[in-house]
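Welcome! Here is a short briefing to help you find your way around a new structure. Take a moment to look it over before reading on.

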Amino acid sequence: MLLTIIIIIIVIIAAGVKIIPQSKAYVVERLGAYDRTMETGLHYRFPIIDRIANVVSLKEIVKDFAPQPVITKDNVTMQIDTVVYYQITDSKLYTYGVENPINAIENLTATTLRNIIGELELDETLTSRDIINTKMRSILDEATDPWGIKVNRVEVKNIIPPRDIQDTMEKQMRAERERREAILKAEGEKKAAILIAEGEKESAILRAEAKKESQIKEAEGEAEAILKIQQATAEGLKLLKDVKMDEAVLKFKSYEALVDVANGQSTKIIVPSDLQNITTIGTTLAETMKGKEKK
């Protein structure tokens, strides 16, 4: 009998030993009233008189709420769903602060969203997600603080306007895309025309420069040829001067040149007066030579 009692006592004592895992918190009530919060580690609770009222997760929790109907400032009804990231910072407040905290956060999110969207028009709602997220996070964090909840972030997941508004927006977007396409096409054609004109301009400049260089080279060649001719003439005159060729020899050479001309196909020859003198000189020389032979 005593052994049985000892075993029962050991089992009861062992049942009171509790090991709390990481990122968990146990809210303990003693005789129906809050007593303490057991966090990570080894703890002991007295059987029968101590009761675990709630097991709380200290991890960040993500809650995706269903789409809520909201009305904008310009009376457009749309559906918006949100995602709330929150964390429990006080297990006691979370357990005793509000009945069904998740449902309370969802309702608070819906009412806050309606208030914020009611101050914005449709276009502002579609382009102001960051503003909406910031305002909602600030309001929800302040409202849930008495519940031991810290709202870290709120994100607007989807904004779904009515179907007719979506069709109008799609038409506007299509028109905007077509306008941008036309602008890009016109700019491309403009740039292409500019490039073609610049290419033609550069080509004309290169052709003109090439022609200029060609003319310069041709003129330089002609000038060099004339210079060579003049130099050759000057050298020839110098040679004639060096050999002291007298006037008679020059006239005789002129006569030889005349003979060469006569051998040509010309039918008429005009003999200068000087060449007649040369003929006379030639006749005199011939008679003198005959006289010497007779002697």
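The notes below cover a surface patch, the core and one residue inside a helix.

Please keep in mind that this is a predicted model. On the outside there is a nonpolar patch of about 1,300 Å², while inside, the largest nonpolar core has 29 residues.

**The nonpolar surface patch**

- The residues that make up the patch include Met1, Ile5, Ile9, Ile13, Val17 and Ile19, along with Leu42, Tyr44 and Phe46.
- Two or more patch residues come from each of α1 (2-15), β1 (17-20) and β4 (41-44).
- Helix α1 gives the most to the patch, with 3 residues.
- Met1, one of the patch residues, sits in the segment before α1.
- Met1 counts as exposed because its relative accessible area is 79%, and exposed means over 50%.

**The largest nonpolar core**

- Within this core, the residues with the most contacts are Ile80, Val84 and Ile132.
- At least two core residues are supplied by each of β8 (77-88), α3 (101-117), α5 (129-144) and β9 (149-160).
- The most comes from α3, with 6 residues.
- Setting aside neighbours within four places in sequence, Ile80 is in contact with residues including Ala66, Pro67, Val70, Leu113, Ile117 and Val156.

**A closer look at Thr109**

- You can find Thr109 in helix α3.
- Thr109 is buried because its relative accessible area is 3%, and buried means under 20%.
- Not counting residues up to four places away in sequence, Thr109 touches Phe65, Thr82, Val84, Met136 and Leu140.

Conventions
Residues numbered from 1 in each chain as written. Predicted model: local features only at pLDDT ≥ 70, side-chain atom pairs only at ≥ 80, totals over all residues. Heavy atoms only, no water. Patch = residues over 30% accessible without salt bridge, like charges linked within 9 Å, V, L, I, M, F, W, Y side chains within 5 Å. Areas by Shrake-Rupley, 256 points an atom, 1.4 Å probe, with all protein chains shown as cover. Salt bridge = Lys/Arg side-chain N within 4 Å of Asp/Glu carboxyl O. Helix = DSSP H or I, 4+ residues; strand = E, 2+ residues; numbered from the N terminus. Buried < 20%, exposed > 50% of the residue type's maximum accessible area, 1.4 Å probe, protein only. Core = buried A, V, L, I, M, F, W, Y, C linked by side-chain atoms within 4.5 Å. Contact = heavy atoms within 4.5 Å.
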